[in-house]
Amino acid sequence: MSAVGATGAAAGAATSPTGSVGPAGPTVGVLALQGDVRNHLTLLSGLGAGGVEVRTPEQLDAVDGLIIPGGESTTISLLLQTSGLLEPLRKRLADGMPTFGTCAGMILLAADISDGRPDQLQLDAIDIGVRRNAFGRQVDSFETDLDVAGVEGGPLHAVFIRAPLVERIGDGVEVLATVVTPSGVSMPVVCRQGSILVAAFHPELAGDGRLHQVFLQRFTDESS
Ligand code: GLN
């Protein structure tokens, strides 16, 4: 695995409201209110992207990009409001902060949510419609090998846990990977629009940082 975030290509390149990405590469935060924070932090440090926990508006100010992890989107939604992070996060998203949402993180970043709680917030950062817990009780968790556009070196092992399905794709949203559902329909599970990347599964659980590298590529691309 190469250390994308540590390459010189990211040096002094992208800018954020908090300043330039330094020579050591971007500082990517993991929203640490609930969910699988630790495995993302481990992968980010392995990729030279200086993973740090984000629990406060001050910590959000200090990062160049953010991962919103899998967990429980209704809980993260509530904690975003009580932590005071909601408005600062909306602002950073509107300013184009590169953000990677996995599972619950994908649900939060979506424009529309089906089967959400009535008080569940939407960050409306990527023009997709998602359905929570869409795989149903019998197959609510499964693992599969996925070909993902932009991920080299063979399929990515993907762990789906009470995963959402993407039911609507807006104009300008790229689909990077799909799975065939139990009813035989091919549905998107990795999507990208501008600075936002989302995956319906938990890429951090397989210990494979290649999808994180696709996300970190965003900082390199901004420099070109
Ligand atoms: N079903 C969860 C939710 O609604 C997401 C599950 C996950 O992140 N593994 O937030």
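Good morning. By strand I mean a DSSP run of at least two E residues, and by helix a run of at least four H or I residues, numbered in both cases from the N terminus. With that convention, Asp171 sits in the loop that joins strand E11 (165-169) to strand E12 (174-180). The model under discussion is a predicted one, and I shall return to that loop after an overview of the chain.

The chain has 224 residues, of which 46% count as buried. Its secondary structure consists of 6 helices and 14 strands. Among contacts with a separation of 6 or more, 65% are between residues 24 or more positions apart.

A word on confidence. The average pLDDT of the chain is 88, and 87% of the residues score at least 70. Over residues 1-19, however, pLDDT stays under 50, although the model has 45 contacts beyond four places in sequence for that segment. Where pLDDT is low, the predicted coordinates should not be read in detail.

I turn now to the interior. Which residues of the largest nonpolar core touch the most other members? They are Met106, Leu109 and Ala200, in a core of 60 residues. Met106 belongs to helix H5, which covers residues 104-109. It is classed as buried because 28 C-beta neighbours lie inside 10 Å, the threshold being 20 or more. Beyond four places in sequence, Met106 touches Gly101, Val130, Pro164, Val198, Ala199 and Ala200. Its C-alpha atom is also separated by 9.4 Å from that of Val190, a residue 84 positions away along the chain. Ala200, for its part, has contacts outside its own neighbourhood of four places with Cys103, Met106, Phe160, Ala163, Pro164, Leu165, Val166 and Val189.

Cys103 leads us to the ligand. The residues around the ligand are Gly70, Gly71, Glu72, Ser73, Cys103, Ala104, Ile107, Arg132, Asn133, Ile161 and Arg162. By character, this shell divides into 4 nonpolar, 4 polar and 3 charged residues.

One member of that shell, Asn133, deserves comment for its backbone. Most residues other than glycine have a negative phi. Asn133 is not a glycine, yet its phi is positive, at about 50°. It lies in the loop between E8 and strand E9 (141-146). Is Asn133 buried, exposed or partly exposed? It is partly exposed, because it has 14 C-beta neighbours inside 10 Å. Asp115 likewise has a positive phi, near 60°. Its place is the loop between strand E7 (110-114) and strand E8 (126-131). Asp115 is exposed, because 12 other C-beta atoms lie within 10 Å and the exposed class takes 12 or fewer.

Next, helix H1, residues 38-46. Its buried residues include His40, Leu41, Leu43 and Leu44. Why do they line one face of the helix? Seen down the axis of H1, the buried residues fall within an arc of 165°, and therefore they line one face. Among the elements covering them are strand E3 (28-31), strand E5 (65-68) and helix H6 (210-221). Just after H1 comes Gly48, with a positive phi of about 75°.

E3 also borders a loop of interest: Gly25 is found between strand E2 (19-20) and E3. Gly25 counts as buried because it has 26 C-beta neighbours inside 10 Å. Although 194 residues separate Gly25 and Phe219 in sequence, their C-alpha atoms are 8.3 Å apart.

Finally, as promised, the loop between E11 and E12. Asp171, which lies there, is exposed because only 6 other C-beta atoms lie within 10 Å of its own, and the limit for that class is 12 or fewer. Its C-alpha atom is 7.6 Å from that of Asp127, 44 residues away along the chain. In E12 itself we find Glu174. Glu174 is partly exposed, because it has 14 C-beta neighbours inside 10 Å. Leaving out residues up to four places away, Glu174 touches Cys191 and Arg192. From Glu174 to Gly194, 20 residues apart in sequence, the C-alpha distance is 9.2 Å.

To close, I would recall two points. The largest nonpolar core holds 60 residues, with Met106, Leu109 and Ala200 touching the most other members. Residues 1-19 have a pLDDT under 50. Thank you.

Methods:
Residues numbered from 1 in each chain as written. Predicted model: local features only at pLDDT ≥ 70, side-chain atom pairs only at ≥ 80, totals over all residues. Core = buried A, V, L, I, M, F, W, Y, C linked by C-beta atoms within 7 Å. Contact = placed C-beta atoms within 7 Å. Near = placed C-beta within 6 Å. Nonpolar A, V, L, I, M, F, W, Y, C, P; charged D, E, K, R; others polar. pLDDT = per-residue confidence, 0-100. Arc of directions from axis to C-beta.
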